[in-house]
Amino acid sequence: RFVAVVLAWIQSNHPVSTNLMSLALGASVLGAVGHLANLGQFVEIGQGHAYQREQMAWARRAYCLDSRALRIDLLNAVKEDVRD
């Protein structure tokens, strides 16, 4: 919006200054690209958060399975010792 006001002022006061208008237009385009880059970073953070949550869920499942397997192995060892 600010860029549009500046461009209108330039056209009304200096109709020959096309270089300055193109410079202002280029600055607005770069600003828009900068905002898109920020949006991309925000999306990347969201994806990383979702990936981390999924990895933690899988790690929790693996821990539960490993602890269950350890308990079963210990019970089998105790059972064999009682038989002997």
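**A short tour of the model**

Select the protein chain: about 7,700 Å² is exposed, 65% of it supplied by carbon and sulfur atoms (Shrake-Rupley areas, 1.4 Å probe; for residues, only the protein chains shown count as cover). This is a predicted model, where local features need pLDDT of at least 70, side-chain atom pairs count only at pLDDT 80 or more, and totals for chains, interfaces and linings use all residues. Residues are numbered from 1 along each chain as its sequence is written, and side-chain values use heavy atoms, without hydrogens and water.

Now colour by secondary structure: the chain has two helices and zero strands (DSSP runs, H or I of at least four residues for helices, E of at least two for strands).

Next, pick valine 43, in helix α2 (residues 18-83). Valine 43 counts as partly exposed because its relative accessibility is 42% (buried is under 20%, exposed over 50%, partly exposed in between).

Finally, go to tryptophan 58: arginine 61 lies over its face, 4.6 Å from the ring centre (a charge over a ring has NZ of Lys or CZ of Arg within 6 Å of the centre and within 35 degrees of the normal).

Notes: Buried < 20%, exposed > 50% of the residue type's maximum accessible area, 1.4 Å probe, protein only.
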